[in-house]
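Q: Could you take me closely through one part of this model, the strands and how they pair, and then place the neighbouring helical details beside that picture? I would like a connected account that I can follow with the structure open.

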Amino acid sequence: MKILDCTLRDGGYYTNWDFDRPLVDQYLRALNALPIDYIEVGYRSPLQQQYYGKYFYLPVYELKHIRQQTNKKLAIILNEKDISVHQIDELLSPINGLVEMVRMAIDPNNITRAIELAKAIKSYGFEVGFNVMYMSKWKSNLEFIEALPMVEGVADCFYMVDSYGGVFPEDVVEIVDLVRSKLSCPLGFHGHDNLEMALANSITAIAEGVEFIDSTILGMGRGAGNLKTELLLTVLNKRMALEVDFGALELAVSALSSLHDEYGWGTNLPYMISGSNSLPQKDVMDWVTTRFYSLNSIVQALDNKRNRIDDNRKFSICRFEPASSVLIVGGGPSISNNVEGIVAYLQKHPDMAVIHASSKNAAFFRNLPNRQYFCLVGNEGRRLENTLPNLSGFNGICVLPPYPRKMGTYVPEEVAAETYELQEVDFADKLKDAHTTLALQYPPDQLHIA
């Protein structure tokens, strides 16, 4: 059984594939003293439209530096969907002699195309690894299963990737048996930790004779992360008497600790829901890491995905009443610090509309004669309930982003009759469901400015 550590490649989803060289050097020195067989150091990619860091492209000078720092076999990975056969020479010829294994991230629906790419890669003398995604859905993909025998003689390792982080040990056993019935090349397992099953699934894979296991330091990896290298080595030290230098292991962990403090990868409720329902992690990672959406909003969005609906509620289109001017109220402390003056001003100008971008300060304005709008984005419906516990006498108007809302919809039933949605957001291309965007959508032609 061989261990492949892919911290720099998979961890790049958090750092945009930028890593400081001193951190990488410490990580490599530590892994030199550990029973790790391969280190996957990143992607090798053609230029992309958007910026990605050094370890997404792996320039030759960086690979040469890495090669000088480690005695381990090196691996790189290609995104099968981004690579054509005519690009193989450009990408791989310069790194021949620096890297031992080239892996491909493969959608199972593209397995035939991946085989042709693999043949071209193999002609350069590299070991070839197939990292085939979405293993939890393979059993229903009969065309993919029937194509597996064509991998024989092409792949040096065929990886089963638990892309959603939702498989269990019994699934691993079943899928290993299924793949072994179709091909005899060495198998690998790459587990995600949405349900904190990466270790159990990997140990099961080892027991089933799987020859390659992926892991990362501190579990650093896309979304909820991966099997922790330090956990795997600790368990194998106990169960299989694998010799582990725990001082070196601590050095590897300390190299990545600052990144863990900064990015905070690991599982949480949204990742658990996405894993258990085989939902893509990309959106969840974007929602969680930007901290733009509340936990409840993310859960609602995932629930809609699970139920295959665009949105869980629809409302009539909002018709704004004319106003002399508009005051937008946010959720910051400046409101409470100046509330007496703001309220006095509004009382003198009852024809001024008040738009609450956040419901946090709504209680200060409850008894005013001004028409008030509440932007119910994401979790704001629940915040409104907490801010105004007695909604039975609610006299405001709640405004939602246009339908469908990717984060789903939560509206307290007490205010549902006074809730409307925008027909469109016509002045912004991005963040169309942001609180401020909704607040600024008040139509200028409804302002009666003298």
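**Strands, sheets and a helix pair**

A: In this predicted model, eight strands close into a barrel, following the order 1-2-3-4-5-6-7-8, and their pairing is parallel. Within this sheet, neighbouring strands are turned against each other by 25 degrees on average, with direction ignored. One of the pairings can be followed residue by residue: strand 6, which covers residues 157-162, and strand 7, which covers residues 187-191, pair in the parallel sense over five bridges. In that pairing, Y159 stands opposite G188 of strand 7. As a general point, the strands of a sheet pair through backbone hydrogen bonds, in either a parallel or an antiparallel manner.

A second sheet is open: five strands form it in the order 9-10-11-12-13, again with parallel pairing. Its edges are strand 9 (325-329) and strand 13 (419-421), each of which pairs on one side only. Here, too, the average turn between neighbouring strands is 25 degrees, direction ignored. Inside this sheet, strand 10 (residues 352-356) runs parallel to strand 11 (residues 372-375), and three bridges join the two. A residue pair to look for there is V354, which stands opposite Q372 in strand 11.

Turning to the helices, T387 belongs to helix 18, which spans residues 380-387. The side chain of T387 reaches the backbone oxygen of S359 at 3.2 Å. When neighbours within four places in sequence are left aside, T387 is in contact with S359, K360, A362 and A363, so that S359 appears both in this list of contacts and as the partner of the T387 side chain.

The last part is a helix pair. In general, two packed helices are described by the angle between their axes and by the distance between those axes. For helix 3 (residues 21-32) and helix 12 (residues 246-263), the axes come within 8 Å and cross at roughly 155 degrees. Because angles over 145 degrees count as roughly antiparallel, helix 3 is roughly antiparallel to helix 12. The crossing of these two helices is left-handed. On the side of helix 3, the contact is made by L23, Q26, Y27, A30 and L31, while helix 12 contributes A248, L251, A252, S254, A255, L256 and L259. By character, the residues of this contact divide into 10 nonpolar and two polar, with no charged residue.

Notes: Residues are numbered from 1 along each chain as its sequence is written. This is a predicted model: local features need pLDDT of at least 70, side-chain atom pairs count only at pLDDT 80 or more; totals for chains, interfaces and linings use all residues. Side-chain values use heavy atoms; hydrogens and water are left out. Helices (H or I, at least four residues) and strands (E, at least two) are DSSP runs, numbered from the N terminus. A polar contact is a pair of N or O atoms within 3.5 Å; within protein, one must be able to donate a hydrogen and the other to accept it, and residues adjacent in sequence count only if both atoms are side-chain atoms. Contact means heavy atoms within 4.5 Å. Axes are lines fitted to C-alpha atoms, for helices over the stretch in contact, and angles run from 0 to 180 degrees between N-to-C directions. Angles under 35 degrees count as roughly parallel, over 145 as roughly antiparallel, 65 to 115 as roughly perpendicular and the rest as oblique. A crossing is left-handed if the near helix is turned anticlockwise from the far one by less than a right angle, and right-handed if clockwise. Ala, Val, Leu, Ile, Met, Phe, Trp, Tyr, Cys and Pro count as nonpolar, Asp, Glu, Lys and Arg as charged, and the others, Gly among them, as polar. Two strands pair if DSSP finds at least two bridges between them.
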